[in-house]
Amino acid sequence: MLTSPEALMAIAGMALVTFMVKAGGLLLANRLPRDGFAAAWLRHIPGAVLASLVAPALVTGSPAEAIAAAVTALVYVITRSLLPAMAAGVLVVYLARLWLVG
Amino acid sequence: MSTLAAPYRFSDQFFAGARACIPVVISVAAYGVVWGVLARGAGLSLIEVVLMSGLVFAGSAQFVALDLWTATPSSLPIGPLILAALIVNLRYLLLTATLRPLFRPDQQWKGALMMGIVSDETWAMTVGEMAKGRGTIGFLLGGGVLAYCCWMATTVIGHTLGSAIDDPSKYGLDFAFTATFLALLLGMWKGKGDLVPWLVAALAAMVSARLIEGSWYILIGGIVGSLAGAVAERLRKNAD
């Protein structure tokens, strides 16, 4: 089995809607004013989205995630560098899960 | 800001972007292999894997699609598959909106075409650069092309060879994303003005993650938090 018309239609549709939202965000933003409230709102989106990506993972997981997040933050504040912070986070969450699960 | 001629060469920025994204792309690769393995189990052919990774290129939407996929074409739920992709990817409206400063007003259509290659990880790295007064189209594309090639290659590898990794979270690799996003967030700290939007976003995301299934929490936290930040800014300005 190579593929089917149904599968091609589904994949093409998924690709189309995905591209539309990705391109749409930039095109809509371009219609917003470049100063005032709208500009302030756009400026605050990256921080708000990153905070939203991080926060639920820290409270819905086991204490391992919270401990690893604290270590990640500490290493980042000390080194000001992304890679050691990420590596420390992954290592600590790995060890903490082993230790907590037993 | 964006009206200044960039003192950067495109190729330098392209490779800087690719280099910066290497750590997080390692985790993308682990999930690519796993997705390839699961896609085979769900009944996708190799051609369908190549087409979906190449054209849709959205990890979370592709994982959701596997739950709906059927091996027999006649029962394939085409409408629900497309709708699910739309809903899972709705957050990209917010993400690509913030990339506006990278493009001159006359470059917006060119920019819109480039947005297909944006993923959460390379977006995050790029806005992290932008917050430091750097960040260019070249940086975004460098990370994007690396992540794209890697996702394509690893999903195909997973489908054809299978995998020794059945669950990346066993090795803590799921946390690579959380850790990267957290470090990027800390790097964006500019002062007390960030406290309100970040706390409101975190709170809104935690509440909606608990109440609503799926990835709505990213969109809800992102919108509520950024609006709170803009309102707080306006109130402070009026108080002065």
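**Exercise 1. Identify the aromatic cluster of chain B and count the aromatic pairs.**

Solution. Phe10(B), Phe14(B) and Phe15(B) together make one aromatic cluster. The model is predicted: local features need pLDDT of at least 70, side-chain atom pairs count only at pLDDT 80 or more, and totals for chains, interfaces and linings use all residues. Residues are numbered from 1 along each chain as its sequence is written, chains are lettered from A and ligands numbered from 1 in the order in which they are written, and side-chain values use heavy atoms, without hydrogens and water. Over all chains, the search finds 7 aromatic pairs. Rings of Phe, Tyr and Trp (its six-membered ring) pair if their centres lie within 6.5 Å; planes under 30 degrees apart are stacked, over 60 edge-to-face, and the rest tilted.

**Exercise 2. Classify the pairs of Tyr31(B) with Phe63(B) and Phe177(B).**

Solution. Step 1: the ring centres of Tyr31(B) and Phe63(B) are 6.4 Å apart and the planes stand at 80°, so this pair is edge-to-face. Tyr31(B) belongs to helix α1 (residues 10-42) and Phe63(B) to helix α3 (residues 59-68), 32 residues apart; helices (H or I, at least four residues) are DSSP runs numbered from the N terminus.

Step 2: for Tyr31(B) and Phe177(B), centres 5.7 Å apart and planes at 50° make a tilted pair. Phe177(B) lies in helix α9 (residues 174-187), so this pair ties together parts 146 residues apart in sequence.

Step 3: Phe177(B), at 15% relative accessible area, is buried, whereas Phe63(B), at 26%, is partly exposed. Buried means under 20%, exposed over 50%, partly exposed in between (1.4 Å probe, protein chains only).

Methods: Helices (H or I, at least four residues) and strands (E, at least two) are DSSP runs, numbered from the N terminus.
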